Amino acid sequence: MMLRNGASKSIDNNPSDDICPVCKSNRYLNPSLQFLINTECYHKMCSTCVDRIFTSGPASCPVPYCGKTLRKKGFHKAFFGDLKVEREVDIRKRVGSVFNRRQDEFETLRDYNNYLDDVECLIFDLVQGTKEEKAKAEERLKAYRESNMGDIEENRRAGLEEVEMEKRREKAEKEAARQRRLAALREEEEEKLDVAKSKRDVLERLATSNEDANRITQQAQKIILKKTSARRTLAESAESNGSARGSGLTLRGLKKKEAPIVEKPYDPFGGMDFTPSRYVLQDDYDNEWLSNAKSDMRHMAGGYSLHEYYARTMFEAFSGLGVFIEDEATGRSLPAAPASIGTAAAAEASGGEVKIEHKMELDDVF
C-alpha cells in the first residue's frame, strides 16, 4: 500500500519530471522526448512507449498498480504542467458538454444559479470525491445525458452558432479596421500629392506672373484646405452610409429584449414614512445641556446622534396631546359585555350615555 501511494504521489505531484516511468528514458539524453497522458488515468509516458505498447490495440496501463485499459487514440500532450489541473479541466469540459443549459431557459435568476450550483457539486464529486461519490456522479451524468439528449444537442448547436457568429463579427471588425487604415493611407498619399502639386503651381505662377507672392501662397493654402475638408466629408458620409446599411440587417427568431428593472435602494423600513405630520423637526435646537455634545466630537464616538435625541424629545412632547383621561376613566367604568353592541344596548337601557373612545394616531419616528 505504501508503494502504491508513493508511486501515485511521485507521478501526480511531479508532472514536469523528465524521466519516463515506463522505460526510464531521460530528456537530458534524448532532448526530443515527448510525454503523453491518457484521460483514463492521467499517467504520463513517453511517445515511444505509447507507440510500442498501444499500436497493436488496447492494453493495460504499464504504470504499477493502475491496470486501466487504455487506447492509443486517448493519448494527448498535456497542456498544463500540473496533471491535477489538466484532469479537472477535462472533467469540466465533459460535464459542460452535457449540462449546457442557458440562463434564458430558466424562469428566474435564482433557478439558474441553483442549476449552476448543482453542476459545481457534480464536478467536485468527480474531481475530489471518493470512489462511491464518483460512481454516483457518473451515474447521474449518464442518466441526465440519456433523458435530455434533445435539449443537449439543441444547446450544442446554439453554442456553435454563437461561436460562428462571434468569429464572423470579429472578422468583420478586423476587415473594417483594415479598410479604415487603407483609407487613411490613401488620404495621406492624396494630401501629399495635392501639396506637391500646389507647390508646383505656386512656383509656376511666381515665375510667369507679376502677382504678390504672399497672395499666391495664401490662395494655394486655401485650395489645399478645401480639398482636404471635402475629402474628409466624403469619407465620413461613406462610413455613415455603410453603418446605416449594416444596421438594416434583421434576424428572425430573436427573443424580444426587455429593459432590466432598476433595483431601488435598500429601505430598511419597507417604504414607511416616519416624517412627523403634527410638528416640524428642526435640525438644531438651543439647549445648554447639549452644548458639550455639539462641540466635543468624542460624544459621537459611541453612535450618539443629536438628531435622534431631538426626534425622541419632540415625540414625547407631542404624544400626549389629544388624550383625555376623563373619557378613558368613564369608558372603563362601563359594565363589561361580550361584544361592543351589547355594551351599547345595556348602556341605553340603563339610561346612561355612551362614551366613544377616540384613538389618537401618534407619530412614531422609531
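Analyst: Two strands count as paired if DSSP finds at least two bridges between them, and strands (E, at least two residues) and helices (H or I, at least four) are DSSP runs numbered from the N terminus. The model is predicted: local features need pLDDT of at least 70 and side-chain atom pairs pLDDT 80 or more, while totals for chains, interfaces and linings use all residues. Residues are numbered from 1 along each chain as its sequence is written, and side-chain values use heavy atoms, without hydrogens or water.

User: Which residue in the turn of the hairpin formed by β1 and β2 has a positive phi?
Analyst: The hairpin of β1 and β2 has 6 residues between its strands. The residue in question is not a glycine, yet its phi is about 60°. It sits in the loop between β1 and β2 and is buried, at 7% relative accessible area (buried is under 20%, exposed over 50%, partly exposed in between, with a 1.4 Å probe and protein chains only). The residue is Y42.

User: What is the order of the strands in the open sheet?
Analyst: The sheet has 3 strands with antiparallel pairing. β2 (45–46) and β5 (75–76) stand at the edges with a single partner strand each, so one side of each has no neighbour in the sheet. Strand β1, residues 35–38, pairs with β2 over 2 bridges, and 2 bridges also join β1 to β5. The order is β2-β1-β5.

User: Which residue in β5 is the bridge partner of I37?
Analyst: β1 and β5 run antiparallel. On the β2 side of the sheet, F35 stands opposite C46. F35 and I37 point one way from β1, and L36 and N38 the other way. In β5, the bridge partner of I37 is H76.

User: Which residue has its backbone oxygen 3.2 Å from a polar atom of the side chain of N38?
Analyst: N38 belongs to strand β1 and is buried, at 2% relative accessibility. Leaving out residues up to four places away in sequence, N38 touches H43, L70, R71, G74 and F75 (heavy atoms within 4.5 Å). The backbone oxygen at 3.2 Å belongs to R71.

User: How many disulfides does the structure hold?
Analyst: A disulfide is a pair of cysteine sulfur atoms within 2.5 Å. C20 is buried, at 0% relative accessible area, and its sulfur is 3.6 Å from the closest cysteine sulfur, in C46, too far for a bond. C41 is buried as well, at 12%, and its sulfur is 3.8 Å from the closest one, in C61, again too far for a bond. The number of disulfides is 0.

User: Within what arc do the buried residues of α5 fall, seen down the helix axis?
Analyst: The buried residues of α5 are A137, L141 and Y144. They line one face of the helix, because the directions from the axis to their C-beta atoms fall within a limited arc. On the other side of α5, K131, E132, K136, E139, E146 and S147 are exposed, and the cover over the buried residues includes α3 (83–96), α4 (109–128) and α6. The arc is 70°.

User: How far apart are the end C-alpha atoms of helix α5?
Analyst: Helix α5 covers residues 131–147, 17 residues in total. The expected span is 1.5 Å times one less than the number of residues. For α5 the expectation agrees with the distance in the model, which is 24 Å.

User: Which helix do the buried residues of α9 pack against?
Analyst: Helix α9 (residues 306–318) has 13 residues and reaches 18 Å from its first C-alpha to its last, close to the expected 18 Å. Its buried residues are L306, Y310, A311, M314 and F315. At the start of α9, a side-chain oxygen of S305 comes within 3.4 Å of the backbone nitrogen of H307. The buried residues pack against α8 (291–295).

User: Which residue makes a side-chain polar contact with E173?
Analyst: E173 is in helix α6, residues 149–208, and is partly exposed, with a relative accessible area of 44%. A polar contact is a pair of N or O atoms within 3.5 Å; within protein, one must be able to donate a hydrogen and the other to accept it, and residues adjacent in sequence count only if both atoms are side-chain atoms. At 2.5 Å, the side chain in contact with that of E173 belongs to R169.

User: In which loop does Y65 lie?
Analyst: Y65 is a residue other than glycine with a positive phi, near 65°. Its loop lies between β3 (59–60) and β4 (69–70).
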